[in-house]
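Q: Please take a close look at the aromatic side chains of this model. I would like to know how their rings are arranged, and then what can be said of the surroundings and of other local details of the fold.

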Amino acid sequence: MGKGLVDSFRDEFDIDDTWLGFEIHPETPPEGADVRNRYNPEDIAQLSEMLRRRAEELGLPYDPAPILANSALALAAAEFARDNGRFREFHHEMLSAVFARGQNIGSRDVIRETASRAGLDGAAMLKAIDQGAYVERLRESQAQGHELGVTGVPTFIINDRYAIVGAQPIETFRRVLRQAQAAS
């Protein structure tokens, strides 16, 4: 949904965005974890409803799986896509896998399929990941996120001055973007 929010403002604001990988729950096992065993049911219901409303505002489908995926594989895959000039396409397809198709983005099969949907060679992607091609870059990205005080995803850092955490209402983004525009 963060991508949908950014895209919705491209006509109104001059946006030059760079997406960095940040793993919020690195302790999640590779196969993922059932969110119902990890979080309070009321919290899950409240978050799901808020995300459903944000998706509806943006005209996006929303049908997530009840799993907290280990995102390490997906983050490394995104770096392969970046290196191969297909980051935006892969990012779009990865977000669709999570939020529209309810897939576990920690799955190698999902990564391979998503790569193909984005016009990438999934086998080459997984080979590069298996060889550790993106370990250092992701370590640096994680450290940068910690330095910036990232506590949730998505976190939007605007002009190195303003931060918006999570899928906030559209008007929150518009207000902060106007503020940043006026300050520059």
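A: Two rings of Phe, Tyr or Trp, the six-membered ring in the case of Trp, count as a pair if their centres lie within 6.5 Å. Planes under 30 degrees apart make the pair stacked, planes over 60 degrees apart make it edge-to-face, and the rest are tilted. The model examined here is a predicted one. Across the whole structure, a search on these terms finds four aromatic pairs.

One of them joins F9 and F13: the ring centres are 5.9 Å apart and the planes meet at 65°, so the arrangement is edge-to-face. Both partners are shielded. F9 has a relative accessible area of 1% and is therefore buried, and F13, with 7%, is buried as well.

The rings of Y62 and F99 form a stacked pair, with 6.2 Å from centre to centre and 25° between the planes. Y62 belongs to the loop between α2 and β2 (67-68), whereas F99 belongs to helix α4, so this pair ties together parts that lie 37 residues apart in sequence. Each partner has some access to the surface: Y62 counts as partly exposed at 22% relative accessibility, and F99 is likewise partly exposed at 22%. Burial requires a value under 20%. Elsewhere, W19, F156 and F173 come together in one aromatic cluster.

Helix α4, which carries F99, also takes part in the second largest pocket. The space in that pocket is about 230 Å³. It is lined by 13 residues, and those closest to its centre are G4, L60, H92, L95 and S96. At least two lining residues come from each of α1 (2-8), α2 (41-58) and α4 (87-99), with α4 giving the largest share, four residues. By class, eight residues of the lining are nonpolar, three are polar and two are charged.

A further residue to consider is T114, which sits in helix α5 (residues 108-117). T114 has a relative accessible area of 0% and is therefore buried. Residues up to four places away in sequence left aside, its contacts are F90, E93, M94, A97 and R101. A polar atom of the T114 side chain lies 2.7 Å from the backbone oxygen of V110.

A second threonine, T28, is found in the loop between α1 and β1 (33-34). Although placed in a loop, T28 counts as buried, with 2% relative accessibility. Its side chain reaches the backbone oxygen of H25 at 2.9 Å and makes a polar contact with the side chain of R38 at 3.2 Å. With residues up to four places away in sequence not counted, T28 touches A33, R38, L68, A69 and N70. R38 is thus both among the residues touched by T28 and its side-chain polar partner. The C-alpha atoms of T28 and P66 are separated by 14 Å, and the two residues are 38 places apart along the chain.

The backbone also calls for comment. Most residues other than glycine have a negative phi, and most peptide bonds are trans. Against this background, the bond joining V153 and P154 is a cis peptide bond, with omega about -5°. P154 is located in the loop between α7 (135-147) and β3 (155-158). The loop between β3 and β4 (162-165) contains N159, a residue with a positive phi of about 55° although it is not a glycine. N159 has a relative accessible area of 51%, so it is exposed. D160 is found in the loop between β3 and β4 too, and it also has a positive phi of about 55° without being a glycine. With a relative accessible area of 75%, D160 is exposed.

To return to the aromatic side chains, the edge-to-face pair F9 and F13 involves two buried residues, while the stacked pair Y62 and F99 involves two partly exposed ones.

Key:
Residues are numbered from 1 along each chain as its sequence is written. This is a predicted model: local features need pLDDT of at least 70, side-chain atom pairs count only at pLDDT 80 or more; totals for chains, interfaces and linings use all residues. Side-chain values use heavy atoms; hydrogens and water are left out. On a 1 Å grid over the protein atoms alone, a cavity is a set of points where a 1.4 Å probe fits but cannot get out, and a pocket is an open set with protein on both sides within 12 Å along at least five of seven lines; lining residues have an atom within 4 Å of a point. Grid points are joined across faces, edges and corners, and a volume is the space filled by probe spheres set on the points. Ala, Val, Leu, Ile, Met, Phe, Trp, Tyr, Cys and Pro count as nonpolar, Asp, Glu, Lys and Arg as charged, and the others, Gly among them, as polar. Buried means under 20% relative accessible area, exposed over 50%, partly exposed in between (1.4 Å probe, protein chains only). A polar contact is a pair of N or O atoms within 3.5 Å; within protein, one must be able to donate a hydrogen and the other to accept it, and residues adjacent in sequence count only if both atoms are side-chain atoms. Contact means heavy atoms within 4.5 Å.
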